[in-house]
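Visitor: Could you walk me through this model at an easy pace? I'd like to begin with how its parts meet.

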Amino acid sequence: MTQRLLTVRDLNVRYGKVEAVYKASLTVDRGTIVSVIGPNGAGKSTLLNAIMGVQPSRGCVEFCGSDIGRVSIERRVAMGLCLVPETRELFAQMTVEDNLELGAFTCHRRGDKGIRENMKGVYSLFPRLEQRRTQFAGSLSGGERQMLALGRALMSRPTLLMLDEPSLGLAPLIVKEILHTISDLRSTGVSILLIEQNARAALQISDYGYVLENGEIALEGASADLAGNPRVIESYLGMGGV
Amino acid sequence: MKQVITGICLAASMAMVTAAQADITIGVNVSSTGPAASLGMAEKNAISLGPTVIAGQKVKYVIYDDATDTTNAVQNVKRLISEAKVDVIVGPTTSPTSKAVTDTVAESKTPMIQLSPGITASSDDPKRRWIFNAPPADAVYADALIKHMVKKGIKTVSVIAVDDAYGENCTVAYRKLADQKGIKTLTVEKYKRADTSATAQVLKAMQGNPDAVYIASSGTPGALPHVALIERGYKGKIYQSGGSANAEFLRVGGKALEGSFMLGSPLLAAEQFPDKYPAKKESLEFVKLYEARFGARNFFASLSWNALKIVEAAVPKALKVAKPGTEQFRAALRDAIEGTKGLKGAGTVFTMTKSDHTGINQLGMCVLKIENGKWKLEDHAEF
Amino acid sequence: MIRRGGFMLFLTLLALLPLFSSYYITMGSYIGLYSIVSLGLVLLTGVARLTSFGQAAFMGVAAYTTAILTVKFGCSPWLTLLIAMALTTAIAFLLGAITLRMGGHYLPLATIAWGISLYFLFGTVPALGGSTGISDVSALTFFGRELRDEKLFYYLIWIVCLATLWVSTNLLDSREGRAIRALRGGVSMVESFGASGHRLKNIVFIYSALLACLAGWLYAHMMRFVNPSPFGLSQGIEFLFMIVIGGPFSLWGAIAGAAVITLLKTLLQGILPKLISQTGNFEIIVFGIMTVMVLQWLKGGIWSLVEHRLPPKPAKPVNDTSSLAQRVQPARRESLLKVDGVTKAYGGLLAVKKMSFELSAGEIVGLIGPNGAGKSTMFNLISGELPLTSGKIHFGTENISSLRSPQIARRGLSRTFQHVRLIPGMTVLENVMIGSYLRTRDGLLAAGLRLNQATENQVRAEAARQLRRVGLADSMLIHAGNLSLGKQRIVEIARALCADPLLLLLDEPAAGLRYLEKQELATLLSELREQGLSVLIVEHDMEFLMNLVDRIVVMEFGEKLAEGLPCDIRSNPAVLEAYLGGV
Amino acid sequence: MDLQTVLILAQDGLTNGAIYLLLAVALILVFGVTRIVLIPQGEFVSYGALTLASLQLGVMPGTVWLLLIMASIAAVMETFRLVSSEAVRQLPVTLATILIPPAAIALLAKMCIPLHLALGWQVLLTMLIVTPIGPLVYRVAFRPLADATVLVLLIAAVAVHFVLVGLGLLFFGAEGVRTPPFSDAHLTLGTLSVSGQSLWVYAASFILISLLAWFFSRTLYGKALRAVAFNRNGARLVGISPHLAGTYSFALAAAIGCLSGVMIAPITTVYYDSGFLIGLKGFIGAIVGGMASYPIAAAGALMVGILESYSSFWLSGYKDVIVFAAIIPILLWRSLMSVHYEEEE
């Protein structure tokens, strides 16, 4: 039995006079991984930012059945929506552990005292973070930063985790590791909305996929179907077009 | 376009016409805010006790605050002269503001009784012809101070002055006389009204063990170095200038002030003066009036009160010459004020001459000692 | 017409004011003086996005200079004006040199400190008259006649004020002025056209200080008395309130602000004591609250309400006769850009590792790679915005590795930006004119006195020509912010072309463009190549580059992955892997 | 100058320096979290001193009225905001959180004043009255400007400074106050005698600094404030509201300012406008620390205190000129140290 977690309808985002995202609609069901792929500049990050509330937008965003269009970012976090942005936005001058702890800020405000346990969970997921507990986040390598960003996001016990290019700038081996982890997260009950340029990888681990081009949803379908679609592959080498 | 210009001209002529009435208008410009606020506030209070009718003429007061700023002072005085068409001006409070308005007053030929000592005016100086002073000149203060110091056998003095015009003027007047009388000034230290500490200045002043320390400041700031002197264990005599002569100062200074000397107006200890003191009755009268309305008596309040007294005495003479609101009346009023003789005010007696527009001698000055948080008459001039 | 009429009405009012009482003359004179100071502050705050609390202190410098020199040394006031201006320039230059390289809040903080220390200095130094001040400052003399009448002085002040208004307007509308206005698009944008951001900021600061100096000098001779109190910090702050409330983005806002604050102060000093039983300078409460409210709700200040109702200013005509000198483009195939083993490290992280490639004249080369591959870093290394860690970059035959972006721009390299950096409030034409910064030499003096009209016309014509070249002739007079992103990118190209470059650097020009817009852009670039221009494009959209460029350099992880003809690159397995990825 | 003088001057400078240090720390905190250069910091100092003095005289301090007025304005603004964003449901709770605490504090003050409590309780009451003014100032003046540039925030801060000074004059009048010292004891170390009040200042500064250090390094809220200072976007993404952080940092700044005021009130005469210069000297410390580094700022603040003390001794008239002119070499040094810094909008 599936349950709707996130519904986005006719979302528009403008930068001044420019429409960066135009009438985008998508849904995420509980317990699934949904990927959004598309060339750079297609508006993928803008889409995630709009869903998170970082970017002002017009249209309808429903999360867990309630309209969150006018809700502040902080409240969205408290509701269980969490974004790992492309830029990671770690607290570089603070330790790994402090970063993780702050990830649980909203849980703490709600009165949840399980921060320690939560952190254990994250450490078991990324043992390397535990080794670097007392290091500053700024001194970590690219892969470790990505792990920390993921770990920090998981500390807030999100219902829906939105990941913006988790493989960006990482060596292939680490990309593999991270994507495996993401795929495993599904079993812990976290739903994921994933944005990737690395289309093949994204479609491999996701259940459903959307192709975003020039700010519009150009294609959608089950990931397996999309992965086999020659147009999808071509569009990344620039032969597809609209 | 033409209509607009005509409209403006009409409005202009309307504005010209409205100001003609026969009442006496007294313009007041004091610093009731800014650094000199504690002085100006008291001066303003006393104005509200002033007469409402003089020689059968209604008196109208127009009061402005210049925030201890020279630009504002000039603006206010011009406004008093050209808008309110005042017959006489009382104020400003400080010597910079008084200096700033000197030209304006001279050009408009309006008599002004200023509440700051600073400039000593006389008829010989065309610019200062129209200016009179309500407080005693700095030299009168210095004279009383030095006399008392000589009496007490003081040979060396350090000065701690607040860093404003008042402190400067006091220091200059003091040094002039002290040098003449052979009193040696060890050092002159400065501090700011809002300073958090005067310890360093006090240490410097205490070097060479002066017989006395003279603190030149107006209002409550005088307490800061005084307290620091006591804290640092200074055992010599401490003199406070006349500017600190108000109740607030006694409150802020507290216990530390005990036994120190202060220059001041006889007003402050009017009850303790012998009955033969010429202005005793007038002083007590003012004290009664003022204390009923505003609390403790205040030297600065007496300045504006005395200024009004001078005007009150001069108006009848001037009325014989011309009607209020005219240039002739202002000129006559100026002459009448210059002719003030033996006028008894709160804590002083005025006798003006052509060369002396202050008109206050040692009768307007005494030395007080602070005992039990009160002023005790220590020394006064002969009368 | 309304503008002209309004101005005439204003002048008439000014001329007639002295018919009222002498008090109005004083008020009018103060408003004029404060307007002069505020004009400078508008340039500093509204245009250059800097600010100063020390304008009153600069007034004080001039007032005291003239007071001392005229009273103690009997100098002519006209000589003291020059001395005061020299002194002000020196002080402003020093303060600017120290603070302007750091964050924007350091200048105001420094001016607070300097304003306070100068105020105390005035009050302490016995030679400066101490707190009591200096009286009997000599009157101004005109042809042997002393200017003592306050009416005449009032007219003098307003003549000076209107003259500074005129000069300031001219300055803003000149080569340097445009660059100063462009500072809000980021220093790197202005520097990419060869202007030094630091120098421009310093110019504005000195100019505003000089206006304050002029006002201070007038003040001293009007009052004929100086003492520290009018030059304190709170007066400096009041000037800032004037322009914030009046309108920081318009020169007229300065005059409006000076008038409103001065009149309101007088009004409040009359009213407030009646409302509040105590006396006090409580108008500062009102001013403070007004300022916060204006900042919150009416960013353009009072003047923006007026400006809103006025018709737009008529555009200046473009008369296309004379033209600016042009560079000789190098011969085709000649090596134009040579990147040799360039490395850029951020701490331990290598953003660019030993990159080497070449570009010949008349070529379009594409630099591609997935996101985060180090393309933009490479780009900024070439344009001089970032210093290199090691390696060499040659432009033509010259080694430019250690040069900064204005110097590189001077050698004929022009660029666009990944995020479009146009000034939305300026017209497209004016935006493009910024590009020609290095091609003319007009100084500030010529600009202020409007002696630069010949070159201005040339520049305008050149900008118009470039806009026609890129096909945007119709949009010339539109505000740049009203164009679509695609057109804005093309305006950026026109602006870069206006610098008459040898090499054009384009940073992701196709990002965010629609399909048709991309095609138009590709056509435009091909045409430019036909005209002999060389182009380096950083892009990740391979489709866009395939049919356009001559060669492609592919980057990944800061390193060169492949280099070659577009068709070879497309079938290169390493490139395919990098772009498509896999697990 | 003998050794004893040297020591006394150092001690005097340190006492003032300790106060400047506290203020510098508050300034850096607020700047980091909100990008506001808190020019009105000094007003909390004078409010603290003047409020305590009023309580001692048994008069209702004007700051209580200020608190109530500000709370009402904040309530009106909040109502307006919630109504216009169609979130009327939150209105009762929001209004209650804004209005009830100030009202309760006012009531408490009214009840306590006739009792003539001991000094310690009066200090506590003073802190209770002045501290909430900080968050209210943030709510009313700065929160609507949250997206503005540093420059606009600075101008707003100066405007708020004007308003608060004006209100200080309105509520407390132009005269200065001096409160009795916390203790009359003197500590004698050899020839140097240190007043009890100075010891109080040292102790209180030390305790406060330690508390702050603990707060920032050990508690989640302290870390959250630091996180906002380091990375605003990152902080929002983990659910830390910048408004909440702004509110906390202003509360801390007001509390620190108020405490500083309470501590200097027995040493010096405090006027309604005294705070400004004191605050600015804290600023010089903060600038030494580049508005970012707490330890360097602390050292800078102490240096300002010492410089002030010694220059008062040698050149008393030029003391403030020297202290404020010292900022020029400091800025020069910072400018040379800093790598090319550019502020993009």
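Guide: Sure, and one term comes up right away: buried area is the accessible area (1.4 Å probe) that two parts lose on being put together, summed over both. Keep in mind that this is a predicted model, where local features need pLDDT of at least 70 and side-chain atom pairs count only at pLDDT 80 or more, while totals for chains, interfaces and linings use all residues. Residues are numbered from 1 along each chain as its sequence is written, chains are lettered from A and ligands numbered from 1 in the order in which they are written, and side-chain values use heavy atoms, with hydrogens and water left out.

Visitor: What area do chain A and chain D bury between them?

Guide: The size of an interface is often given as the accessible area lost when the parts come together. Here carbon and sulfur atoms account for 64% of it. The whole area buried between chain A and chain D is about 2200 Å².

Visitor: Which three residues of chain A supply more of that area than any other three?

Guide: Together the trio brings 27% of the area that chain A buries against chain D. Look for E74(A), F91(A) and F105(A).

Visitor: How many residues does the contact take from chain A?

Guide: Contact means heavy atoms within 4.5 Å. Chain D gives 22 residues to the contact, and chain A gives 23.

Visitor: How many salt bridges does the rule find across this interface of chain A and chain D?

Guide: Side chains of opposite charge can pair when their charged atoms come close. The rule asks for a side-chain nitrogen of Lys or Arg within 4 Å of a carboxyl oxygen of Asp or Glu. Across chain A and chain D, the number of salt bridges is 3.

Visitor: Which residue forms a salt bridge with E74(A)?

Guide: You've met E74(A) already, in the trio that supplies 27% of chain A's buried area. Its salt bridge has its closest N and O atoms 2.8 Å apart, and the partner is R236(D).

Visitor: Which elements give two or more residues to chain A's side of that contact?

Guide: Helices here are DSSP runs (H or I, at least four residues) and strands are too (E, at least two), numbered from the N terminus. On the side of chain A that touches chain D, the elements are α2 (73-79), α3 (96-103) and α4 (105-110) of chain A.

Visitor: Let's move to chain B. How far apart are the centres of its domain 1 and domain 2?

Guide: The bounds come from an automatic or database domain assignment. Domain 1 of chain B covers 2-134 + 283-333, and domain 2 covers 138-264. Taken over C-alpha atoms, their centres are separated by 32 Å.

Visitor: What area is buried between these two domains of chain B?

Guide: Carbon and sulfur atoms give 59% of it. In domain 1, P117(B), F299(B) and F300(B) lose the most area to domain 2, together 43% of what that side buries. The rule finds 0 salt bridges between the domains. Their buried area is about 840 Å².

Visitor: How many salt bridges are there over all chains?

Guide: Using the salt-bridge rule from before, the count comes to 58.

Visitor: Is E144(A) buried or exposed?

Guide: E144(A) meets R132(A) in a salt bridge (2.4 Å, N to O). R132(A) sits in the loop between α6 (127-131) and α7 (142-155) of chain A and E144(A) in helix α7, so the pair ties together parts 12 residues apart in sequence. Buried means under 20% relative accessible area, exposed over 50% and partly exposed in between (1.4 Å probe, protein chains only). R132(A), at 26%, is partly exposed, whereas E144(A), at 4%, is buried.

Visitor: Which residue forms a salt bridge with R529(C)?

Guide: R529(C) counts as buried at 13% relative accessibility. Its partner is partly exposed, with a relative accessible area of 27%. The closest N and O atoms of the pair are 3.1 Å apart, and the partner is D550(C).

Visitor: Which chains have the most contacts among the 5 pairs that touch?

Guide: Chain A and chain B do not touch, and their nearest C-alpha atoms are 37 Å apart. Among the 5 pairs that touch, the most contacts are between chains C and D.
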